[in-house]
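Trainee: Could you take me through one part of this protein up close? I'd like to see how two helices sit against each other, with a bit of the surroundings too.

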Amino acid sequence: MIVDTDTGSDDAVALLLAAASGLADVRAVTTVAGNVPLATATRNALISLQTAGRPDVPVHEGCQSPMTRALSTAQHVHGQDGMGDLDLPDPLRAAEREHAVDVLLAAPRRLPGELTLVTLGPLTNLAAALLRDRDLLSRYRHVYCMAGAADLWGNVSATAEFNVWADPEAARVVLRAATPDQVTWIGWDVSRRDAVMTPADQLRMERLGTPMATFAHRVNRTVAEWARDVTGLSGYDLPDPVAMAVALRPELAVERERAYVDVALGDETRGQLIIDRRRSAPAPNLTLVRRVDETAFKQLLFDTCEGPR
Ligand code: BDR
Ligand code: CA
């Protein structure tokens, strides 16, 4: 597996799942600007892998801004450091020299059809890679993206989800190259509907008391506060861990849809998915996950964070 991430607090938990669940062999992590500036995302990815007991996984920095737009972060949600403003110590290792886009291009050429790619941030790195190799998606076993809000229930606007909104041009590049057998998107609406970390779940995580559980609980401190105090929702959502869980165990996706999907670029609707369900629609280009198995997702989350028994 390769994970592309704008590591904020829920990306961090997704990295724990990838690196410590025993369900994947993580070969590299690539970083992109999104939730936080690029250097912060890289730092957080290194810290997360270290917490998962995998400091050996190479981390590669990628694009520091969206394709055509200015970077707009979500530090008001995830904390200035993207990790709940915990003042975490510096990681023991540094990032590699090779650029993330070069890694996304080269890795599946070495292992054709064997690597799963999971993207947890804006699609800038993947789009940049696709502009250099238009057949890239077919070189992966499958590509899973935490992206969009198929039910048009957004988190950054009424209808748009952050990762697509942050770099809609990149999202369009990916959609124009995708096929539903190669690419699956898991949207924010799914995590909000089926996988909310309720106050009881938060307490359970805190009480597990293992290093990974404590980390997963604490880095999401500001996200929990934001959900409670600003959005008025009970509990917070974990969109990246949900997407990662589907990549690790595809049967967790209990409802899917194949459709032709585009993304709106205009100011009022920026980042909104345009899902064409007409009989005359173009052939589907994407698989959208619509529901996940909440119980199985949380079992995987708690089991992983508990660590080896
Ligand atoms: C996405 O943006 C961030 O809040 C999360 O890390 C996730 O990747 C959800 O819209
Ligand atoms: Ca993310």
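Mentor: Sure, and let's start with the whole thing before zooming in. With 309 residues, a compact globule would be expected to have a radius of gyration near 19 Å, and the protein comes in at 18 Å, so the two agree. Keep in mind that this is a predicted model. Along its principal axes, the C-alpha atoms fill a box of roughly 55 × 45 × 35 Å. Inside that box you'll find 14 helices and eleven strands. Of the 309 residues, 54% are buried. The chain also folds back on itself a lot in terms of contacts: among those with a separation of 6 or more, 83% are between residues 24 or more positions apart.

Now for your close look. Find helix α5, residues 124-132, and helix α8, residues 168-177. They pack with their axes 8 Å apart, at an angle of about 55°. That angle is why we call α5 oblique to α8. As for handedness, α5 passes α8 in a left-handed crossing. Who does the touching? On the α5 side, the contact is made by T124, L126, A127, L130 and L131. On the α8 side, A170, V173, V174 and A177 take part. Sort these residues by class and you get eight nonpolar, one polar and no charged residues.

With that pair in hand, have a look at some other helices. Helix α11 covers residues 211-219, and its buried residues are M212, A213, F215, A216, H217 and V219. Those buried residues pack against α1 (9-20), α2, α10 (199-208) and α14 (294-306).

Since α2 just came up, let's pick one residue from there. A45 sits in helix α2, which spans residues 38-51. Is A45 buried or exposed? Count the other C-beta atoms within 10 Å of A45 and you reach 28, so A45 is buried; the cut-off for that label is 20 or more. Leaving out residues up to four places away in sequence, A45 touches T5, T7, L15, V29, T31 and V59. You can also try a distance in your viewer: from C-alpha to C-alpha, A45 and H60 are 9.7 Å apart in space, with their positions 15 residues apart in sequence.

How values were computed:
Residues are numbered from 1 along each chain as its sequence is written. Chains are lettered from A and ligands numbered from 1 in the order in which they are written. This is a predicted model: local features need pLDDT of at least 70, side-chain atom pairs count only at pLDDT 80 or more; totals for chains, interfaces and linings use all residues. Axes are lines fitted to C-alpha atoms, for helices over the stretch in contact, and angles run from 0 to 180 degrees between N-to-C directions. Helices (H or I, at least four residues) and strands (E, at least two) are DSSP runs, numbered from the N terminus. Angles under 35 degrees count as roughly parallel, over 145 as roughly antiparallel, 65 to 115 as roughly perpendicular and the rest as oblique. A crossing is left-handed if the near helix is turned anticlockwise from the far one by less than a right angle, and right-handed if clockwise. Two residues are in contact if their C-beta atoms, placed from the backbone, lie within 7 Å. Ala, Val, Leu, Ile, Met, Phe, Trp, Tyr, Cys and Pro count as nonpolar, Asp, Glu, Lys and Arg as charged, and the others, Gly among them, as polar. The radius of gyration is taken over C-alpha atoms; the globule rule is 2.2 Å times the number of residues to the power 0.38. A residue is buried if 20 or more other C-beta atoms lie within 10 Å of its own, exposed if 12 or fewer, and partly exposed in between; C-beta atoms are placed from the backbone.
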